[in-house]
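These are my notebook entries on a two-chain model, written while going through the structure. I begin with backbone geometry and then turn to the pairing of strands, the packing and the contact between the chains.

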Amino acid sequence: MDVLMLSRLQFAFATFIHFIFVPLTLGLSILVAYMETKYVRTGDETYKKMAKFWGKLFLINFALGVVTGLTLEFQFGTNWSRYSMYVGDIFGSLLAIEATAAFFLESTFVAVWVFGWKKLSKTFHAVCIWIVAFAANLSALWIILANGFMQNPMGYVIRNGRAELDSFYAVITNGFAWSQYVHTVVGSYVLAGFFVMGVSAWHLLRKHNTDFFTKSFRIGLGFALVASLVVAIQGHTHGNEVARVQPAKLAAMESHWETGKNVPMYLLSIPDEKNEKNTVEAFGIPSMLSILAFNDPAAEVKGLKDFAPEDRPPVTLTFLSFRLMVGLGTLMILLTVWGFLKRKQLQDNPRYLQFMVWAIPAPYLALQAGWAVAEVGRQPWIVYGLMRTKDAVSPIATSQVAVSLAAFVVVYLLLASLDIYLLAKYARKVPA
Amino acid sequence: MDLGTIWFILWGVLWAVYFILDGFDLGLGTLLPFLAKTEDEKRIFYNAMGPFWDGNEVWLITAGGVTFAAFPTTYAVMFSGLYSALMLLLFSLIIRGVCFEFRSKVESPGWKKLWDTCLFIGSFAPALLLGVAFANIFKGIPIDQDHIFQGTLFTLLNPYGLAGGILFVLLFAHHGALWLAIKSEGGLRERAFAMAGKIWPIMAGWIVLFLVFSMFATNLFSNYLRWPLLLAILLIPVGGLVLTKVYAAKARAWAAWGASAAVIGGTALFGVMGIFPALLPSSLNPAFSMTIENSASSPLTLSIMLGVALVFVPVVIAYQIWNFRTFRHPVTKDDLDYEEAY
């Protein structure tokens, strides 16, 4: 285990844990804001109780999002100093803007929202949680613009031994980055919807406060139904972008080895990375991969063998992550459609409700799998085509990273477990 | 004035503002075991910080982010070089951050005690570590010609570094005590003023000691010897030091706290102006230091970032001031009964 491997593991671990909590923040903030707005407009106290009930879960979750987020800003410097020196001119600015424009807004107004129920007017108090929702989703934009630069660098020029900003406009209008952004936030909305549905379903199965939880379920349902369809359709267009600018990643996502036209997609593939082939390729849909990648059955899709081995990402991991994400995404569409059809008789469908309780982890897994595709699939590059991950690590002692990694694993798993315990505890409470 | 210098000043100001703001909640957390005797009093501590602590902490994220954006090479060298110290700082802030949300969620004395301990450690340790880190930055750290830090965590725990650590702990504890005086009533408020009064002479003495120590251990005074007019900056911390005692004696909590802010901000600015134009002086050889010149971003980045800062920072300050004004009143028993209180 060298500094590079330990730093990779540390960054991956820290980011995965952070991303357990972030998507719920992005989506649930909007749902809570919607609930509180309904209260303000109708005066119906049920909606106020909903805003407080789901808001409490939001806050428990938010706390872990904040503390795990601190780590990430530190980590670019601590473990990836060479990367920071090389692209800081561009990357650093995006992070600084994230803090200045979004984090301040989010953290200030979430506190105002918590403490201001009695101090502020009903309307202004509701505005506060909308501000939080806006700021959270805005912060996601800036960090993904930064990640987008890593995936598809543009607006730069190589000068003074580093990448220097050439066009800020190009950097912030990076189509690939925006496509990633939409995909990530809409995916987060699916997660928030499933969270609300799953918790509501748990209560509906036990006949707790059925009016409250039916209303909640339907809000989550509407949100998740639209989001799960949009994320799939938009995911397709995002896939087109990947095919265009990151052909090696696309090839890895499908474990596609031989360049060709009219490339089929195999519903069952088992990669054999070492031997540069798939041991199993079954249930092929003719030309499907060409269509998915380029919307053209005759399109040529580059195979992994077109790339030198040192330029290929880890195939098995990328491939499995992608399939997991798509599989879960499809499942979630089916579950939301089923829910939509049964929305007026939820309590008469205990089997569906039980599935929805079990389905809570599904979007969590899907989102993590998606990021695994994005980041593992980008390897060996830390900045696609410009800098390799192995050249980006800090020149520091292995022992330091070994210790910090161990500390992260222990502390994060402990805090995450406590947070999930508290989420479960408060999710189970029946509102008066 | 060139962009690099403008950003150097903004960088210094950001760190000063961070210390002024997070300083009071780190200080308050440090005082928890000493001043809070009952469960209600402990809750007052948490609720005194509740509306503010996260917004305060974002100034750290911004200071770090600006270091990255404006001086990326310094950011890289500083964060990788001071790896262990920064990791300790990070973990301390992480365990502090969860206390607010977690503590009230389980009705068990053991649970509450756990988070009280975490709040204390998560407040005391960052104060100490930030002081150690900045003292070492003032002093210079052993970075070589390849900008690689030739030392360990223990290199930073030298006498001057530790003196800086103790300085920050004292400054923040004093600052936190005055914040408690603002946000409490009755007996607790009196004890808060009394604590500030007890810390003051130690803090004042330590500031003098630290300044004298700086004359021998660092090159901080060389800029001031060249341009003696710059010494006027010392009027801020010194003036603040005097005024904070005067106002505290009159039980004028906000004024005393404001003066305390001047002490902290003034001390930070004094240090930053002292190292100019270096951001990270090298104790091995001044030629190896991280300076504006060898670590700044491109002029294009600096000018865009300046535009962003000029637009957003005043807006941030405006709504944060509004936040402080909205929640300026002392935490009362009614506030503790409020459903959402910590």
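Where in chain A is the place of Pro380(A)? I looked this up and found Pro380(A) in the loop between α12 (361-376) and β7 (381-383) of chain A. I noted at the outset that this is a predicted model, so the values below are computed from its atoms.

**Entry 1: cis peptide bonds**

I went to Pro380(A) for the bond before it, since the peptide bond from Gln379(A) to Pro380(A) is cis, with omega near 10 degrees. In chain B I recorded a cis bond from Phe276(B) to Pro277(B), where omega is near -5 degrees. I placed Pro277(B) in the loop between α12 (253-275) and β1 (278-280) of chain B. I marked these bonds for a closer look, as most peptide bonds are trans and most residues other than glycine have a negative phi.

**Entry 2: positive phi in chain A**

I next checked Asn262(A), which is not a glycine and yet has a positive phi of about 50 degrees. I find Asn262(A) in the loop between β3 (260-261) and β4 (265-272) of chain A. Is Asn262(A) buried or partly exposed? I count Asn262(A) as partly exposed, because 16 other C-beta atoms lie within 10 Å, and a residue needs 20 or more to be buried.

I then turned to Glu276(A), which has a positive phi of about 55 degrees although it is not a glycine. I located Glu276(A) in the loop between β4 and β5 (277-285) of chain A. With 15 C-beta neighbours inside 10 Å, Glu276(A) counts as partly exposed.

**Entry 3: two hairpins in chain A**

I followed Glu276(A) into its hairpin, where β4(A) and β5(A) have four residues between them and Glu276(A) sits in the turn. I read these strands as antiparallel, with seven bridges joining β4(A) to β5(A). Within the pairing, I noted that the bridge partner of Pro271(A) is Asn278(A) in β5(A).

How many bridges pair strand β1 (residues 156-159) of chain A with β2(A)? I find four bridges, and the two strands pair in the antiparallel sense. Tyr156(A) stands opposite Leu165(A), which belongs to β2(A). This hairpin has two residues between the strands, and I recorded a positive phi near 55 degrees for Asn160(A) in it.

**Entry 4: surroundings of Ala227(A)**

I picked Ala227(A), which is found in helix α7 (residues 210-245) of chain A. I count Ala227(A) as buried, because 25 other C-beta atoms lie within 10 Å. Which residues is Ala227(A) in contact with, leaving aside its neighbours within four places in sequence? I list Val186(A), Tyr189(A), Val190(A) and Gly193(A). I also noted the separation from Val185(A), which is 42 residues from Ala227(A) in sequence and 9.3 Å from it in space, C-alpha to C-alpha.

**Entry 5: chain B as a whole**

For chain B I recorded 15 helices and two strands. The C-alpha trace of chain B spans about 60 × 40 × 40 Å along its principal axes. The radius of gyration of chain B is 20 Å, which agrees with the value near 20 Å for a compact globule of 342 residues. I noted that 58% of the 342 residues of chain B count as buried. Of the contacts in chain B with a separation of 6 or more, 79% are between residues 24 or more positions apart.

I singled out helix α8 (residues 159-183) of chain B, whose 25 residues reach 36 Å from first C-alpha to last, close to the 36 Å expected. I find α8(B) mostly covered, with 21 of its 25 residues buried.

**Entry 6: contact between the chains**

I then looked at the contact, which takes 49 residues from chain A and 53 residues from chain B. On the side of chain A that touches chain B, the elements giving two or more residues are α2 (45-79), α3 (81-115), β2 (162-165) and α13 (398-427) of chain A. The largest share of that side, 21 residues, comes from α3(A). By class, I recorded 30 nonpolar, 14 polar and five charged residues on this side of chain A.

**Entry 7: confidence**

I closed with the scores, which for the model are ipTM 0.96 and pTM 0.97. Chain B averages a pLDDT of 96, and 100% of the residues score at least 70. Within chain B, I find confidence lowest in helix α10 (residues 220-226), at a mean of 92, and highest in α8(B), at 98.

Note on methods: Residues are numbered from 1 along each chain as its sequence is written. Chains are lettered from A and ligands numbered from 1 in the order in which they are written. This is a predicted model: local features need pLDDT of at least 70, side-chain atom pairs count only at pLDDT 80 or more; totals for chains, interfaces and linings use all residues. Two residues are in contact if their C-beta atoms, placed from the backbone, lie within 7 Å. Ala, Val, Leu, Ile, Met, Phe, Trp, Tyr, Cys and Pro count as nonpolar, Asp, Glu, Lys and Arg as charged, and the others, Gly among them, as polar. A residue is buried if 20 or more other C-beta atoms lie within 10 Å of its own, exposed if 12 or fewer, and partly exposed in between; C-beta atoms are placed from the backbone. The radius of gyration is taken over C-alpha atoms; the globule rule is 2.2 Å times the number of residues to the power 0.38. Two strands pair if DSSP finds at least two bridges between them. The expected span of a helix is 1.5 Å times one less than its number of residues. pLDDT is the predictor's confidence in each residue, from 0 to 100.
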